[in-house]
Amino acid sequence: MYTKRVVACLVLISGLFIIIFAAAKMHYIDQKVCTKCGVCVEECPEAAIEVIEKDGEEIHVINQEKCTQCGVCIDVCPEGAILAGDAKSKAKDDKKQ
Ligand code: SF4
Ligand code: SF4
């Protein structure tokens, strides 16, 4: 009984770490910085960047199910609007230098 509880806890903790690690690597588009130029949409090798309508406005978003975190979009975005998980501020700063 005790062993089953320990195993269940370990599985739960492992799952949480996996989720946190995956979230830390996800790429995001900073909507306040994006100018909607469309360069990232053209350059993404996975066609993972989509234009959707939100609150009556078209915005660019990354489909996390398609994104492989290759980083191409970060390199090509002229505004530094695409951020990568824990490297969010670094990606932004690098583009503004
Ligand atoms: S390349 Fe950058 S600025 Fe242009 S649409 Fe993509 S995220 Fe926005
Ligand atoms: S990281 Fe790569 S796959 Fe993901 S959105 Fe950017 S260019 Fe596309």
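Here are legends for several close-up views of this predicted model.

**View 1. The whole chain, before zooming in.**
The protein chain has 4 helices and 4 strands, and reading along the sequence you pass through them as α-β-α-β-β-α-β-α. Of the 97 residues, 15% count as buried. Among contacts with a separation of 6 or more, 58% join residues 24 or more positions apart.

**View 2. Where the predictor is confident, and where it isn't.**
Mean pLDDT for the protein chain is 81, with 66% of the residues at 70 or more. Sorted by element, α2 has the highest mean, 98, while helix α4 (residues 88–96) has the lowest, 46. Along residues 87–97 the pLDDT is below 50, and this stretch makes 10 contacts in the model beyond near neighbours in sequence. Where pLDDT is low, don't read the predicted coordinates in detail.

**View 3. The surroundings of ligand 1.**
There are 13 residues around ligand 1, and the ones that come nearest are Cys 34, Cys 37, Val 39, Cys 40 and Cys 77. What does the shell look like by class? It splits into 8 nonpolar, 3 polar and 2 charged residues.

**View 4. The surroundings of ligand 2.**
Ligand 2 also has 13 residues around it, with Cys 44, Cys 67, Cys 70, Val 72 and Cys 73 coming nearest. Here the classes come to 8 nonpolar, 4 polar and 1 charged.

**View 5. Glu 43, in helix α2.**
Glu 43 belongs to helix α2, which covers residues 39–43. Is Glu 43 buried or exposed? It sits in between: Glu 43 has 13 other C-beta atoms within 10 Å, so it counts as partly exposed. Setting aside neighbours within four places in sequence, Glu 43 touches Val 72, Cys 73 and Val 76. For Cys 73, 30 residues away along the chain, the C-alpha atom is 6.8 Å from that of Glu 43.

**View 6. The largest nonpolar core.**
This core has 12 residues: Ile 29, Cys 40, Cys 44, Ala 48, Ile 49, Ile 62, Cys 73, Ile 74, Cys 77, Ala 81, Ile 82 and Leu 83. Which elements give two or more residues to it? Those are α3 (72–76) and β4 (82–84). Look at Ile 29 for the local wiring: leaving out neighbours within four places in sequence, its contacts are Cys 34, His 60, Val 61, Ile 62, Ala 81 and Ile 82. Of these, Ile 62, Ala 81 and Ile 82 are themselves listed in the core.

**View 7. The β2–β3 hairpin.**
β2 and β3 run antiparallel and pair over 6 bridges. Two of the facing pairs are worth picking out. Lys 54 has Glu 57 of β3 as its bridge partner, and Glu 50 stands opposite Val 61 in β3. The two strands form a hairpin with 2 residues between them, and in that turn Asp 55 has a positive phi of about 55°.

**View 8. Val 51, a nonpolar side chain out on a strand.**
Val 51 is part of strand β2, residues 49–54. How many other C-beta atoms lie within 10 Å of Val 51? The count is 11, and since 12 or fewer means exposed, Val 51 is classed as exposed. Beyond neighbours within four places in sequence, Val 51 is in contact with Val 41, Glu 58 and His 60. Its C-alpha atom is 6.3 Å from that of Val 61, with the two residues 10 apart along the chain.

**View 9. Lys 36, a loop residue with positive phi.**
Lys 36 is in the loop between β1 (27–29) and α2. Its phi is near 65°, a positive value in a residue that isn't glycine. With 15 C-beta neighbours inside 10 Å, Lys 36 counts as partly exposed.

**View 10. Gln 69, another loop residue with positive phi.**
Where is Gln 69 found? Gln 69 is in the loop between β3 (57–62) and α3. Gln 69 is not a glycine, yet its phi is positive, at about 60°. As for its surroundings, Gln 69 has 17 other C-beta atoms within 10 Å and is partly exposed.

Key:
Residues are numbered from 1 along each chain as its sequence is written. Chains are lettered from A and ligands numbered from 1 in the order in which they are written. This is a predicted model: local features need pLDDT of at least 70, side-chain atom pairs count only at pLDDT 80 or more; totals for chains, interfaces and linings use all residues. A residue is near a molecule or strand if its C-beta atom, placed from the backbone, lies within 6 Å of it. Ala, Val, Leu, Ile, Met, Phe, Trp, Tyr, Cys and Pro count as nonpolar, Asp, Glu, Lys and Arg as charged, and the others, Gly among them, as polar. A residue is buried if 20 or more other C-beta atoms lie within 10 Å of its own, exposed if 12 or fewer, and partly exposed in between; C-beta atoms are placed from the backbone. Two residues are in contact if their C-beta atoms, placed from the backbone, lie within 7 Å. A nonpolar core is a set of buried Ala, Val, Leu, Ile, Met, Phe, Trp, Tyr and Cys residues joined through C-beta atoms within 7 Å. Two strands pair if DSSP finds at least two bridges between them. pLDDT is the predictor's confidence in each residue, from 0 to 100.
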